[in-house]
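Reader: I've got a new chain to look over at the bench. Can you walk me through it?

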Amino acid sequence: MPFLGQDWRSPGWSWIKTEDGWKRFEFFGHELGDNSELDLELSDENKENLYVGEVCEVAAKKRKKDYFNNNTKTQYYFQERWIYVQKESTRERHGYCTLGEAFNRLDFSSAIQDVRRFNYVVKLLQLIAKSQLTSLSGAAQKNYFNVLEKIVRKVLDDHQNPRLIKTLLQDLSSTLRILIREVGKSVLVGNINIWVCRLETILSWQQQLNNLQIPKQISSGMTLSDLPLHMQNNILYKFSDACDIINLGQATPTLHMLSEDRQLWKKLCQFHFAEKQFCRHLILSEKGHVDWKLMFFTLQKYYPKKEQYGDTLHFCKHCSILFWKDRHLALLFKDSGHPCTANDPDSCLTPVSPQHFIDLFKC
């Protein structure tokens, strides 16, 4: 069988230690001649973390051309946005993919900076906290809490989505309390003191979020209250979260009146639940009308609400690859986001919900 990988004489990739773990990196600079020396421009801190094996001269010359084939001198950290999902070994491919490996290799740290993917990542962290935390490896757990810390810092800085993160931390702290209390009954990766320290950190984050004071914005321009009544009503109809509608209704008397509209809550019920579910929990008001607002909060106790995300992970059924799809590259270069061999890659793609992501790695 021919060798399809890198030259077997290659010393392998170079790695550098970051706060998210070890990452592969490359250097780009001016092209070097045959007699040029390989000059790696690193800071003193990175020099200590860099591991470069002993290489032969032939391999070193080959790598010079690979590293210095552009006209820039910037350091590039390699971060894959896709991963091959394999549950068992085959003759062609050995090993298998775990939930922890997928969490490590997919770029969730960058995903939380994208407003379209933020809610998706938070929901995924919440599901892992509820049922899959002990299945993560030590490296995956470290990466999990690093991503969580970045999320908390982001919320404390930009004051957005604090309620969403409070729910996540509450579920995570409940899980950690159970694991610590029942130590010995379940397998924990790492020392018990590490888990206690993580719980203390989470409690500290919860305290910071509870003390978060969102400053009142003073604007001399047009505000939401200055918009015509029908435009304010149209904005409310775009919401899919009942708590957001209630909170916005507390801003002004006009918005409170609009937030109590029966048709608004009827649309919300129809968006999240099926018509058969309405008949099982029909609630009438004193005037004989359907109380859609009360019905919504009753239905959500029995049935899951419809999930809605701006962007999600995608799964290619042809390649069995899980990946982030870059919409800009897809539009400009018709890039599918992963090395797909299908004739029509878009027809093989399936959006992956957070629960589907968890199910992909269950035995």
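Author: Here are a few questions and answers on this predicted model.

Reader: How many helices and strands are there in the chain?
Author: Let's start with the secondary structure. Counting along the chain gives 16 helices and seven strands.

Reader: What share of the residues counts as buried?
Author: The cut-off for buried is under 20% relative accessible area. The chain has 363 residues, and the share that counts as buried is 37%.

Reader: How do the axes of helix 5 and helix 6 lie to each other: roughly parallel, roughly perpendicular or oblique?
Author: Helix 5 covers residues 118-132 and helix 6 covers residues 138-158. Their axes come within 11 Å and cross at roughly 135 degrees. Angles over 145 degrees count as roughly antiparallel and 65 to 115 as roughly perpendicular. The crossing angle fits neither range, so the two helices are oblique.

Reader: And which kind of residue makes up the contact of helix 5 with helix 6: nonpolar, polar or charged?
Author: On the helix 5 side you'll find Phe118, Val121 and Leu125, among others, and they meet residues of helix 6 including Tyr144, Ile151 and Lys154. The contact residues divide into one charged, no polar and ten nonpolar. Most of this contact is therefore nonpolar.

Reader: Is Asn146 buried or exposed?
Author: Asn146 lies in helix 6. Its relative accessibility is 17%, and the cut-off is under 20%, so Asn146 counts as buried.

Reader: Which residues is Asn146 in contact with, leaving aside its neighbours within four places in sequence?
Author: Contact here means heavy atoms within 4.5 Å. With those neighbours set aside, the partners of Asn146 are Glu19 and Asp20.

Note on methods
Residues numbered from 1 in each chain as written. Predicted model: local features only at pLDDT ≥ 70, side-chain atom pairs only at ≥ 80, totals over all residues. Heavy atoms only, no water. Helix = DSSP H or I, 4+ residues; strand = E, 2+ residues; numbered from the N terminus. Buried < 20%, exposed > 50% of the residue type's maximum accessible area, 1.4 Å probe, protein only. Axes fitted to C-alpha atoms, helices over the stretch in contact; angles between N-to-C directions. Parallel < 35°, antiparallel > 145°, perpendicular 65-115°, else oblique.
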